[in-house]
Amino acid sequence: LRVVAKGALEGVLAHCAVSPAERAAIERVHDRLGSEAMRVLVLAARDGAAENGSREDDERDLVPIALLGFRDPLRPEVPAAVAECQAAGVSIKIITGDHALTAHAIAHAAGIAHVDDGIVTGPELDALEDAARSDAIARASIFARITPRQKYAIVDTLEKRGDIVAMTGDGINDVPALRRADIGISM
C-alpha cells in the first residue's frame, strides 16, 4: 500500500521525514509561489503502510514529492471596484484559509489597503486574549489560515463593535459567517 497526503505546507511537513536543509528548500519554493498569489498544496507519500495500521502510523515519515501552485487570477474590474469602495469609506478585509503570503499578494494585486504587520493568522488569533483579539480583528486587513469558526468569530466581533458587515464566500466553510453577517453574498 502507498499513503499519499496533500494539503497545506504546515500540515503535510509535520508528517514528513526531512532534514532542516530540505525543509528550508521546500519552504523557499512554497514562499515564492505564495508571494506570486498562488495557492500551494504540498504532496507527500510513503510506501509500505499497513493495511490495518493506525492513521498516526500511516502518516509518519512521509516524503515530499511535489508542490502544486494554483492561481485564481483577479477579474480585471476588481482593483477599480476595491478603489471605489475604499474611497467611499468601506473597510475591506480578506479572510481566507490560504497562506499569509498568498493572501498578502492577492490584497496587493486587488489594491486592498493594508500594512504588512496587519496580517493575522488563525493560530495567532487563537493565541490572543479576548480584548487583544478584538483589537486585532479591528486593526487587521488580512486574515490567513482562518477556520470556519474563526471566520464566524471575526464577523461576530466586527458586528459587536457596531460595524455593518458584508461577507462574501464561495464554499461550505463560509456558511456560518455568511449567515452571521448583516449582508451575506454567496458566490
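Contact here means heavy atoms within 4.5 Å. In this predicted model, that criterion identifies the residues through which helices H7 and H8 meet: Ser-134, Ile-137 and Ala-138 on the H7 side, and Ala-153, Ile-154, Thr-157 and Leu-158 on the H8 side. By class, the residues of this contact comprise five nonpolar, two polar and no charged. Helix H7 covers residues 130-139 and helix H8 residues 148-160, and the two pack at an angle of about 90° with their axes 10 Å apart. Angles of 65 to 115 degrees count as roughly perpendicular, and H7 and H8 are therefore described as roughly perpendicular to each other.

The setting of this helix pair is a protein chain with nine helices and eight strands. Its C-alpha atoms fill a box of roughly 60 × 30 × 30 Å along the principal axes. Of the 187 residues in the chain, 35% are buried. Among contacts with a separation of 6 or more, 57% are between residues 24 or more positions apart.

Helix H8 can be followed further. The expected span of its 13 residues, at 1.5 Å a residue, is 18 Å, and the end C-alpha atoms of H8 are 18 Å apart, so the two values agree. The buried residues of H8 are Gln-150, Lys-151, Ile-154, Val-155, Asp-156, Thr-157, Leu-158 and Glu-159. Their cover includes H7, together with helix H6 (122-127), helix H9 (175-180) and the strands E4 (94-95), E6 (142-144) and E7 (166-169). After H8 comes Gly-162, which has a positive phi near 100°.

Returning to H7, this helix also contains Arg-133. Its relative accessibility is 22%, and Arg-133 therefore counts as partly exposed. Beyond residues up to four places away in sequence, Arg-133 touches Leu-125, Asp-126 and Leu-128. Leu-33 lies 100 residues from Arg-133 in sequence, and their C-alpha atoms are 30 Å apart in space.

Strands E4 and E6, both part of the cover over H8, also belong to an open sheet of three strands, ordered E4-E6-E5 with parallel pairing. E4 and E5 (119-121) are the edge strands, each pairing on one side only. Three bridges link E5 and E6 in the parallel sense, and Val-120 stands opposite Phe-143 in E6. Strand E5 also holds Thr-121, which counts as buried because its relative accessibility is 18%. Apart from neighbours within four places in sequence, Thr-121 is in contact with Ala-100, Ala-144 and Ile-146. Helix H5, residues 100-110, lies across E4, E5 and E6 and runs at about 150° to E6.

A further pairing involves strands E1 and E2. Strands of a sheet pair through backbone hydrogen bonds, either parallel or antiparallel. E1 (residues 2-7) and E2 (residues 38-47) run antiparallel and are joined by six bridges; one bridge partnership is that of Val-4 with Ala-45 in E2. In a regular strand the side chains alternate between the two faces of the sheet. E1 shows such alternation: Val-3, Ala-5 and Gly-7 point to one face and are buried, whereas Arg-2, Val-4 and Lys-6 point to the other and are not buried.

Note on methods. Residues are numbered from 1 along each chain as its sequence is written. This is a predicted model: local features need pLDDT of at least 70, side-chain atom pairs count only at pLDDT 80 or more; totals for chains, interfaces and linings use all residues. Side-chain values use heavy atoms; hydrogens and water are left out. Axes are lines fitted to C-alpha atoms, for helices over the stretch in contact, and angles run from 0 to 180 degrees between N-to-C directions. Helices (H or I, at least four residues) and strands (E, at least two) are DSSP runs, numbered from the N terminus. Angles under 35 degrees count as roughly parallel, over 145 as roughly antiparallel, 65 to 115 as roughly perpendicular and the rest as oblique. Ala, Val, Leu, Ile, Met, Phe, Trp, Tyr, Cys and Pro count as nonpolar, Asp, Glu, Lys and Arg as charged, and the others, Gly among them, as polar. The expected span of a helix is 1.5 Å times one less than its number of residues. Buried means under 20% relative accessible area, exposed over 50%, partly exposed in between (1.4 Å probe, protein chains only). Two strands pair if DSSP finds at least two bridges between them.
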